[in-house]
Amino acid sequence: MATTRELQADVDTGTIAFSVNGRSVVVSSSPSQRLSRVLRDELNLTGTKVGCDAGDCGACTVLLDGEPVCACLVAVGQVAGNEITTVEGLQQSPTGARLQQSFLTHGAAQCGACTPGMLVAATALLDKNHAPNESEVMDAIGGVLCRCTGYRKIINAVLDAQSTAAPEVSPESGNAVGQRLIRLDGKKKVEGSEIFGADETPAGALAVRAIRSPHHRARFQFGDLDSFVHDHPGIHAILTAKDVPGRDCYGVIPRFADQPVFAHNEARHRGEAVAAVVGDPAIIEALDPASFPVVWEELPALKEIDAALAPGAPRIHTNREENVLVRGRVVRGDVDRALAEADVTAEGEYETGFVEHAYIEPEAGFARRIGDHIEIQACTQSPYMDRSDIATILGIPPENVRIIPTAVGGGFGAKLDLSVQPFLALAAWHLAKPVRMVYSRIESIISTTKRHPARMRLRAGCSRDGKLLALDFTADFNTGAYSSWGPTVAARVPVHASGPYYVPHYRALTRAVHTNLVPAGAFRGFGVPQAAIAQEQLYDDLADRVGMDRLEFRILNALDDDTPTVTGQVMGEGVGIRACFEALRPKWQAARRQTAEFNSKTTGPLRRGVGMAGMWYGCGNTSLPNPSTVRIGLKRDGRIALHQGAVDIGQGSNTIVTQICADALGAPIDRFDLISGDTALTPDCGKTSASRQTFVTGKAAHMAGTQLRNAVLALVKGCACASIQFEDSRVAVQEKGEIRTLALGDMPLDNHGYVITAEATFDPPTSSLDHDGQGSPYALFGFGAHMAEIEVDTELGTVRVLKVTAAHDVGRAINPTLIEGQIEGGVAQGLGMALMEEFFPGRGENLHDYLIPSAGDIPPVESILIEDPSPIGPFGAKGIGEQAVIPTAPAILNALHDAVGIRLRKIPATPDRVRAAILAAQAKTKIKTGDRRG
Ligand code: FES
Ligand code: FES
């Protein structure tokens with residue numbers, strides 16, 4: 001009881017005593033302080049994460065006398081005299097330790113932001129129930145959200161935790177690729193020692209808080225800022241646009257850069273920063289933004305695409321006519337004639353909404369000024385891009401900016417754009433003191449980028465025997481107030497909107513349109529998931545019209561090695577889409593049979609359906625350079641330093657890139673020391689986006705590994721076929737029974753401090769696209785197909801996904817466990833996109849109202865890995881990150897049509913929309929049949 005707890009606090013001394021992980025602690029916090037805050041800030045137990053501070057995400061779950069609670073909702077005064085267990089204490093219990101190991105072997109931790117909460121919640125279950133079933137596990141972890149894994153590996157890790165742990169994979173030299181190696185950064189994630197953006201605070205750091213527009217569009221005027229600072233002891237400075245010493249304009253694509261750090265006179269979207277207050281942490285935390293001296297004048301805002309395009313609409317950026325940021329275009333053949341001559345045509349119009357990334361870790365970091373240099377440690381997907389923008393903003397050379405990425409608690413594209421970094425940089429620069437900034441969940445949601453809402457119209461035609469002839473596709477994307485990745489979406493979608501099929505006559509035209517809403521940016525797929533929703537549903541309609549099986553229609557039209565894509569590119573090798581569809585054929589046929597049988601027997605409101613969708617996705621930038629450079633160094637002690645700058649946001653690049661490099665070099669994995677993503681220590685490996693790290697950075701790592709191997713062989717005059725053994729302080733080279741050694745201890749060190757350094761750069765070969773979008777925009781594509789089996793409650797309008805079977809051509813599965821993790825996580829995000837996720841700026845800006853799938857929403861996922869090697873990828877590998885999300889939503893929506901015969905024009909298929917569409921379809925049937933009853 002609360003009163004008892006309060007009595008156990010020592011009222012005289014103002015302290016609260018309790019036990020944490022078996023250790024007695026006494027804190028002097030206010031009894032009403034959140035337990036999560038005390039654990040993190042006072043006891044330095046930062047394994048407990050804070051994702052929302054509102055009881056919605058479960059990241060802060062700890063055990064209170066053995067029961068799981070959200071530490072953000074428990075006042076520390078309530079735990080006086082009690083025992084708290086955090087993730088850091090789990091190793092002390094056999095259950096906790098086994099769970100941690102099971103999470104590692106199952107690949108149940110990706111970014112790791114939810115992992116502490118998951119482990120703690122699962123420990124509470126297993127302590128009471130040694131052999132839970134799947135639904136008991138789902139219940140136990142149901143309050144902890146994960147945005148990366150799709151939960152299946154977590155569920156399996158909990159189910160298997162009590163069984164004997166599978167032996168860890170420990171591959172021999174040259175045998176790492178293809179192994180289910182435990183992720184190299186996994187231990188820190190399950191122990192809670194991983195450092196995320198909010199997990200470190202330099203001594204004496206001031207706090208930064210942004211003042212943001214409450215309106216979608218508003219003019220504003222500041223009051224007396226100097227007096228405000230003067231009247232508020234503990235506030236050290238207020239920063240506004242006039243405090244930007246360099247160019248107050250940044251953006252992820254320099255040619256389209258248009259975003260100021262602080263709005264100038266007019267805020268273009270709700271959540272845009274107009275000022276930042278810097279001060280003592282307690283003062284900043286207590287600051288009421290409503291007391292800040294600014295007067296807002298709300299202006300009419302453009303929120304919809306049509307309003308923004310309307311003649312006479314105010315321009316959001318004066319230099320962008322009609323509020324169009326950019327147009328995309330791919331044209332091939334004569335689409336109008338082909339459609340006119342087609343035996344069968346189908347058309348449709350589809351709309352999708354904003355989707356919030358909802359990673360569990362809100363943006364956070366700190367900065368400090370060192371002379372004329374600035375250092376920023378923060379969560380980011382793109383350290384070198386951050387470096388360049390911060391240098392521009394501060395007006396200093398890029399070399400004077402150091403970006404140190406922390407672990408990233410999920411990014412999915414949004415952490416490619418700057419968030420806390422410019423505020424931190426400016427505050428540290430002007431005050432010459434360390435500063436820290438941590439976004440609240442609401443701040444994260446209102447100010448960071450989203451998936452583009454899309455409005456798509458399309459028409460396709462095929463011959464009587466099902467051969468696709470033409471597709472005419474147009475799409476407008478609501479890109480919000482600033483460009484962010486709008487140009488990329490507008491350029492990438494026309495290349496992909498055909499799907500992975502041969503379409504001889506094609507026209508795809510896109511526009512990214514500015515509105516006064518939060519900027520839309522990169523979100524796993526850059527617009528391709530939206531396009532696939534429209535195109536894959538339309539192809540089902542075509543198949544139905546020609547009376548073909550929907551899978552066979554796709555197989556008939558699937559791209560081959562020698563068929564040109566809609567940009568005229570012929571891949572020559574490695575086009576594995578047909579193999580993906582064919583792998584699904586027996587499962588499709590069985591699922592169709594079972595579904596028909598269920599529907600023929602059922603008498604209640606439930607109906608089942610099966611849906612299929614295909615996917616392709618070009619890895620890397622569209623027709624633009626995107627090189628990665630990897631450096632490796634052989635040390636005197638025989639260890640190998642791998643400098644790879646690809647930021648691992650949970651997808652596993654730390655592990656994958658090392659596996660590739662190890663095999664290219666011929667060294668065992670445990671010889672490697674990994675140096676990741678620090679602009680002062682690693683060469684530029686580009687951004688973690690566009691499914692490029694396995695391919696591009698992996699290829700650079702392969703080249704660097706090969707180069708080092710050749711350098712060693714050259715020194716001992718060995719031939720290429722010799723085997724190399726890396727040992728302590730020496731390398732032994734064996735060739736035809738003869739062993740030659742290289743004593744490393746005496747060798748001179750080079751500029752990098754190594755006895756031998758190898759550095760390699762790989763930039764995927766692409767060509768620019770001509771006026772009609774013809775050319776080779778990507779060096780390789782990943783391919784895949786998903787089959788969804790669903791059950792619809794026709795009375796409630798609810799859709800339950802029963803199973804997803806996912807076949808992906810990954811070229812070469814470098815680490816099957818990590819690939820499955822990407823697929824399962826992609827399925828979960830696709831399911832959310834299809835059925836529940838839609839963000840409305842100004843409404844539901846939290847994880848309570850904005851729903852993402854929880855453990856109970858996710859069906860079993862069967863992954864089938866196809867290996868049709870790319871001639872250019874490292875060991876044949878292709879990317880998988882974005883690919884995994886694309887076909888899920890269209891497969892579910894096709895299954896919905898299969899089950900109840902409806903096509904929703906507006907996605908997601910929420911119960912109200914599904915129910916309304918079912919009623920409308922029923923009414924139409926009754927009118928058609930003249931049935932007026934009921
Ligand atoms: S931080 Fe406590 S539930 Fe999200
Ligand atoms: S691993 Fe669960 S949120 Fe990233």
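1. Let me start with H786, which counts as buried because its relative accessibility is 0%; buried means under 20% relative accessible area, exposed over 50% and partly exposed in between, with a 1.4 Å probe and protein chains only. H786 is found in strand β29. Its C-alpha lies 8.5 Å from that of H808, although the two are 22 residues apart in sequence. Strands here are DSSP runs of E with at least two residues, helices are runs of H or I with at least four, and both are numbered from the N terminus.

2. A word on conventions before going on. This is a predicted model, in which local features need pLDDT of at least 70 and side-chain atom pairs count only at pLDDT 80 or more, while totals for chains, interfaces and linings use all residues. Residues are numbered from 1 along each chain as its sequence is written, chains are lettered from A and ligands numbered from 1 in the order in which they are written, and side-chain values use heavy atoms, with hydrogens and water left out.

3. The sheet around β29 is open and has four strands in the order β21-β29-β30-β31, with mixed pairing; two strands pair if DSSP finds at least two bridges between them. β21 (606–618) and β31 (861–866) are the edge strands, each pairing on one side only. On average, neighbouring strands of this sheet are turned by 15 degrees against each other, direction ignored. For angles in general, axes are lines fitted to C-alpha atoms, for helices over the stretch in contact, and the angles run from 0 to 180 degrees between N-to-C directions.

4. Within that sheet, β21 and β29 (residues 781–793) run antiparallel and are joined by 13 bridges. G614 stands opposite A785 in β29. Helix α21 (residues 816–835) lies across β29, β30 (798–809) and β31, and runs at about 125 degrees to β31. Contact, here and below, means heavy atoms within 4.5 Å.

5. The other sheet to look at is also open, with six strands in the order β12-β20-β19-β18-β13-β32 and mixed pairing. Its edge strands are β12 and β32 (906–907), each of which pairs on one side only. Strand β18 (residues 454–462) runs antiparallel to β19, and nine bridges join them. R459 stands opposite D472 in β19.

6. Helix α15 (residues 486–496) deserves a look alongside both sheets. Ten of its eleven residues are buried, so the helix is mostly covered. Among the buried residues are P487, V489, R492 and H496. α15 lies across β12, β19 and β20, at about 15 degrees to β12. The buried residues of α15 pack against β12 (324–332), β19 (468–480), β20 (505–514), α16 (528–546), β21 and β29.

7. Helix α6 (residues 152–159) is mostly covered too, with six of its eight residues buried. R152, K153, I154, I155, A157 and V158 are the buried ones. Their packing partners are α3 (94–106), α4 (115–128), α5 (134–141), α21 and β31.

8. Now for two helix pairs. The axes of α19 (residues 653–665) and α20 (residues 693–715) come within 7 Å and cross at roughly 30 degrees. That makes α19 roughly parallel to α20, where under 35 degrees counts as roughly parallel, over 145 as roughly antiparallel, 65 to 115 as roughly perpendicular and the rest as oblique. The crossing is right-handed, meaning that the near helix is turned clockwise from the far one by less than a right angle. The contact residues divide into eight nonpolar, eight polar and one charged. Nonpolar here covers Ala, Val, Leu, Ile, Met, Phe, Trp, Tyr, Cys and Pro, charged covers Asp, Glu, Lys and Arg, and the others, Gly among them, are polar.

9. In the second pair, the axes of α17 (residues 550–557) and α18 (residues 577–601) come within 10 Å and cross at roughly 170 degrees. The two helices α17 and α18 are therefore roughly antiparallel to each other. R550, L551, E552, R554 and I555 in α17 meet residues of α18 including F581, E582, W588 and R592. By class, this contact has five nonpolar, one polar and seven charged residues.

10. Last, R268 sits in the loop between β9 (266–267) and β10 (273–279). R268 is partly exposed, with a relative accessible area of 22%. Leaving out residues up to four places away in sequence, R268 touches H216, I316, H317, A481, Y482, N516 and L517. The C-alpha atoms of R268 and V87 are separated by 42 Å, with their positions 181 residues apart along the chain.
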